[in-house]
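Okay, thanks for making time, everyone. I'd like to walk you through a fold that is new to most of us, so let's get it up on the screen.

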Amino acid sequence: MSLRTIADHILDIAQNSVNAGAKLVEIHIEEDPQKGVFKFVVKDDGRGMTEEELKRLFDPFYTTRDHKIRRIGLGLPMLKYACESTGGKVDVHSKKGEGTLVEAVFNTSHIDCQPVGDIAGSIFALLFSSKDVDWVIKRVYNGKTYIVDSKTLKENLSEADWENPKIMNLIREFVEELEKSVKEEKL
Ligand SMILES: Nc1ncnc2c1ncn2[C@@H]1O[C@H](COP(=O)(O)OP(=O)(O)OP(=O)(O)O)[C@@H](O)[C@H]1O
Ligand SMILES: [Mg+2]
């Protein structure tokens with residue numbers, strides 16, 4: 001993944017939670033277009049980090065993952081760079097055995113801010129990214145909110161439905177509709 005948009009960062013940070021063995025990941029994505037602030041929080045119940053691990057977290061190339069697999073430990077340093085380039089910041093709270101919370105803030109009116117990107121696309125991708133993880137994703141735009149909860153969706157669909165491309169497409173359209181509805185201007 002190239003991490004060219006904020007939506008890409010959300011996917012990437014959520015992937016860390018999946019890699020940490022999380023069963024429940026709660027994501028809050030809040031945007032205030034008037035103030036020009038975009039904030040997201042990813043909270044998981046994965047394995048968490050020790051103080052030592054936390055200290056090294058933003059070192060480029062620091063990873064506890066097998067170096068033969070995929071990427072190389074740049075997810076968090078790149079997020080930090082992207083946020084701080086706009087005058088924003090990243091905070092990480094973590095406790096070994098309990099979980100991790102990552103909070104990122106961007107000033108979207110800053111000239112160096114990356115584009116927000118396809119938030120509905122990222123939410124859809126997360127829902128289907130890992131069978132064993134429950135996602136609760138809250139999206140707030142200009143004070144308007146929607147929540148997507150994979151557990152509730154799964155309870156209403158059979159396992160076969162969940163893997164049916166037609167159903168997947170319906171869910172994609174559903175998320176896109178929700179995204180559109182919070183962005184609609186009141187007449
Ligand atoms: N949610 C999390 N729970 C536990 N450990 C985490 C979490 N997020 C990050 N880490 C730790 O921080 C390290 C660095 O994370 P980072 O996203 O920068 O790189 P990576 O995930 O290892 O590789 P990449 O993101 O480039 O694929 C991880 O290898 C992991 O040890
Ligand atoms: Mg990562």
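One bit of vocabulary before I start pointing at things: a helix axis here is a line fitted to C-alpha atoms over the stretch in contact, and an angle between two axes runs from 0 to 180 degrees between N-to-C directions. And please keep in mind that what you see is a predicted model.

With that in hand, take helix α1, residues 6-19, and helix α4, residues 119-127: their axes come within 8 Å and cross at roughly 20°. Angles under 35 degrees count as roughly parallel, and α1 and α4 are therefore roughly parallel to each other. As for handedness, the crossing of α1 past α4 is right-handed. So who makes the contact? On the α1 side we have Ala7, Ile10, Leu11 and Ala14, and on the α4 side Ile119, Gly121, Ser122, Ala125 and Leu126. Sort those by class and you get seven nonpolar residues, two polar ones and no charged ones.

Let me zoom out for a moment. The protein has seven helices and six strands. If you read along the sequence, the pattern goes α-β-β-α-α-β-β-α-β-β-α-α-α. The radius of gyration is 17 Å, close to the 16 Å that the globule rule gives for 187 residues, so the protein is as compact as a globular protein of that length. For a feel of the dimensions, the C-alpha trace spans about 45 × 40 × 25 Å along its principal axes.

Now the sheet. What order do the six strands take? It's β3-β4-β2-β1-β5-β6, in an open sheet with mixed pairing. At the edges sit β3, residues 89-95, and β6, residues 144-149, and each of these pairs on one side only. On average, and ignoring direction, neighbouring strands are turned by 10° against each other.

Let's go through some of the pairs, beginning at the β3 side. β3 and β4 are antiparallel, with seven bridges. Lysine 89 has valine 105 in β4 as its bridge partner. These two strands also form a hairpin with three residues between them, and glycine 97 in the turn has a positive phi of about 80°. Next along, β4 is joined to strand β2, residues 37-44, by eight bridges, and this pair is antiparallel too. Valine 105 turns up again here, standing opposite lysine 39.

Over on the other side, strand β1, residues 24-32, pairs with strand β5, residues 134-141, in the parallel sense over eight bridges. If you want a landmark, look for glutamate 30, which stands opposite valine 140 in β5. Then β5 and β6 run antiparallel, joined by six bridges. Arginine 139 faces tyrosine 146 of β6 there. That hairpin has two residues between its strands, and asparagine 142 takes a positive phi near 50°.

What lies on the sheet? Helix α3, residues 75-84, lies across β3 and β4, running at about 145° to β3. Our friend α4 packs on the sheet as well, touching β1, β5 and β6, and its direction makes about 170° with that of β5.

Two more helix pairs and I'm done. The axes of α1 and α3 come within 10 Å and cross at roughly 145°. This crossing is left-handed. His9, Asp12, Ile13 and Asn16 of α1 meet Gly75, Leu79 and Ala82 of α3. The class split is three nonpolar, three polar and one charged.

The other pair is α4 with helix α7, residues 165-183, where the axes come within 9 Å and cross at roughly 140°. α4 passes α7 in a right-handed crossing. From α4 the contact uses Ile119, Ala120, Ile123, Phe124 and Leu127, and from α7 it uses Ile171, Arg172, Val175, Glu176 and Glu179. That gives seven nonpolar residues, no polar ones and three charged ones.

If you take one thing back to your desk, make it α4: this helix comes within 8 Å of α1, axis to axis, within 9 Å of α7, and packs on the sheet against β1, β5 and β6. Thanks, and over to you for questions.

Definitions and conventions: Residues are numbered from 1 along each chain as its sequence is written. Chains are lettered from A and ligands numbered from 1 in the order in which they are written. This is a predicted model: local features need pLDDT of at least 70, side-chain atom pairs count only at pLDDT 80 or more; totals for chains, interfaces and linings use all residues. Helices (H or I, at least four residues) and strands (E, at least two) are DSSP runs, numbered from the N terminus. Angles under 35 degrees count as roughly parallel, over 145 as roughly antiparallel, 65 to 115 as roughly perpendicular and the rest as oblique. A crossing is left-handed if the near helix is turned anticlockwise from the far one by less than a right angle, and right-handed if clockwise. Two residues are in contact if their C-beta atoms, placed from the backbone, lie within 7 Å. Ala, Val, Leu, Ile, Met, Phe, Trp, Tyr, Cys and Pro count as nonpolar, Asp, Glu, Lys and Arg as charged, and the others, Gly among them, as polar. Two strands pair if DSSP finds at least two bridges between them. The radius of gyration is taken over C-alpha atoms; the globule rule is 2.2 Å times the number of residues to the power 0.38.
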